[in-house]
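The following exercises are to be worked with the sequence and the coordinates at hand. Each task is followed by a solution in steps.

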Amino acid sequence: MAGASMNDIKARIKSVESTMQITKAMELVATSKLRRAKEKAEGTRPFYEVLGRAIDDVLASEEVCASPWCEKRDTGRTLYIVIAGDRGLAGGYNANIFRLMDALDSGKDSAVIPVGKKALEYYRHRKRTVISDEYEYVSSLGVSAAMGIGKEVCRGFIAGEYDRVVAVYTKFVSMLTQTPVYEQLLPLEREASSGAPECDADPEEMLERIVPYYVGGVIYSAVTESLASEQGARRTAMNAANKNASEMIDTLMLRYNRARQAIITQEITEIVSGAEAL
Amino acid sequence: MKGFNLEIVTPDGLAFSGEAESLLVHTDDGDVEILAGHMDYMASVATGRARIITGGVSKFASCSGGFLTVLGGEVRLAAVTFEFADKIDVERAKKAKERAESKLTTATDEREIALAKARLERALTRIKVAGL
């Protein structure tokens, strides 16, 4: 019967409408969070830029040319710090990061520090060497936690546990574009500047003190960039979902009206032919 | 008193930017005070109180970990945290102090002890600075 299909269509419209309500709310939330996250991401950069310049200055003193922080060791393990989100429903945000990471490394001789719930789940499931599961929630990762990662990573690098440290995160290019990128943290790939200022401690000791801050600063900045990217990706995804939902409602409405029209036409035909039969 | 350009950056953004007459920080090698006309210099900064004199008024702050550079008269301090005394949440610092202390009595792992010690030091600095 046509009446049954009319009810079906009505039920579907209702379900699409309620989904749309959710995606609409999520878009609004993402938009407001995005603004804050963007400001934070921009505020973080000067910190590690200042430290980076300081490292260049220290490297300028001749004694540290052969510093262990700059030493390239070709063989051996790579440590990846992979920053993803805590939650899904952000378009390709999480998937893109994992795809980049898979292209970078087959997982043979490497270890991972996952940051964010999705990253932790992904690498646990894949049975990769997970160094630490402390950083499950990327959204509540503060400065001191990032500095903690920095310190730990530097200790491991100097101890020879891994020969390269790479951060994999999503760069916030603009409100509409977020690109997954990777950045080598250690060994340092910085260029010595021209003149070294005076300091109280010897340069090697100086590096030992500031490199962990630098690495931690870069990690924190990668985290804030990723958080802004996540909100941006979610907003775009939810915006597309809203458009799809309203399109779907339109076509369903059309089908509903056609079905209603068909019933009326059929009823008229039945009455007319019934009258003729009399 | 002659001033110089001071910029203090933290991972959470710019903490201070402008003219100052003096910057006193606790470095890993002891307290250092920077005045205008200081030679090019750098030092790593430890957890401790800091003081800025700007416009004849001294302001205290708690500062933890980072780096100080003086280059061509420009002074830059990159600190992990830098909070002025009036911005410090004393209640939070007191709670952090208690947590760190109880952690120190129970922790056995060397890394945990080091972390708790650093937390305790930061909390104590904050409490002290807030009272200045």
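**Exercise 1. Assess the overall dimensions of chain B in this predicted model.**

Solution. Begin with the expectation: a compact globule of 132 residues would have a radius of gyration near 14 Å, and the 16 Å of chain B agrees with this. Next, consider the extents along the principal axes, where the C-alpha trace of chain B spans about 50 × 25 × 25 Å. Then turn to burial: 36% of the 132 residues in chain B are buried. Finally, examine the range of the contacts. Of those in chain B between residues at least 6 apart in sequence, 50% join residues at least 24 apart.

**Exercise 2. Describe the order of secondary structure in chain B and characterise helix H2 of chain B.**

Solution. Count the elements: chain B holds two helices and eight strands. Their order along the sequence is β-β-β-β-β-β-β-β-α-α. Now take helix H2 (residues 110–130) of chain B, which has 21 residues. From its first C-alpha to its last, H2(B) reaches 30 Å, close to the 30 Å expected at 1.5 Å a residue. The buried residues of H2(B) are Ala116(B), Arg122(B), Ala123(B), Thr125(B), Arg126(B) and Val129(B). The packing partners of these buried residues are strand S6 (48–54), strand S7 (57–71) and helix H1 (90–106) of chain B.

**Exercise 3. Determine how the two domains of chain B meet.**

Solution. The domain assignment places residues 4–86 of chain B in domain 1 and residues 90–130 in domain 2. The C-alpha centres of these two domains are separated by 24 Å. Their contact takes eight residues from domain 1 of chain B and seven residues from domain 2 of chain B. On the domain 1 side, S6 and S7 of chain B are the elements that give two or more residues. S7(B) gives the most to that side, with four residues. By class, the domain 1 side divides into three nonpolar, four polar and one charged.

**Exercise 4. Establish the surroundings and pairing of strand S1 of chain A.**

Solution. First, the domain frame: chain A is assigned domain 1 (2–23 + 236–277) and domain 2 (37–234). The C-alpha centres of these domains of chain A lie 53 Å apart. Strand S1 (residues 78–83) of chain A is largely enclosed by the rest of the structure, because five of its six residues are buried. S1(A) pairs in the parallel sense with strand S2 (residues 110–115) of chain A over six bridges. In this pairing, Val82(A) stands opposite Pro114(A). S1(A) also pairs with strand S3 (residues 164–172) of chain A, in the parallel sense and over five bridges. Here Tyr80(A) has Val166(A) as its bridge partner.

**Exercise 5. Which elements of chain A give two or more residues to the side that touches chain B, and what classes of residue does that side have?**

Solution. The contact takes 21 residues from chain A and 24 residues from chain B. The elements of chain A that give two or more residues are helix H1 (2–60), helix H4 (143–158), strand S5 (198–199) and helix H5 (203–277). H1(A) gives the most, with eight residues. The side of chain A that touches chain B has 14 nonpolar, three polar and four charged residues. Strand pairing also links the chains: two bridges join S5(A) to strand S5 (residues 41–45) of chain B, and the strands run parallel. Cys199(A) has Met42(B) as its bridge partner in S5(B).

Definitions and conventions: Residues numbered from 1 in each chain as written. Chains lettered and ligands numbered in written order. Predicted model: local features only at pLDDT ≥ 70, side-chain atom pairs only at ≥ 80, totals over all residues. Domains from an automatic or database assignment. Contact = placed C-beta atoms within 7 Å. Nonpolar A, V, L, I, M, F, W, Y, C, P; charged D, E, K, R; others polar. Pairing = 2+ DSSP bridges. Rg over C-alpha atoms; globule rule 2.2 N^0.38 Å. Buried ≥ 20, exposed ≤ 12 C-beta atoms within 10 Å, placed from the backbone. Expected span 1.5 Å × (residues − 1).
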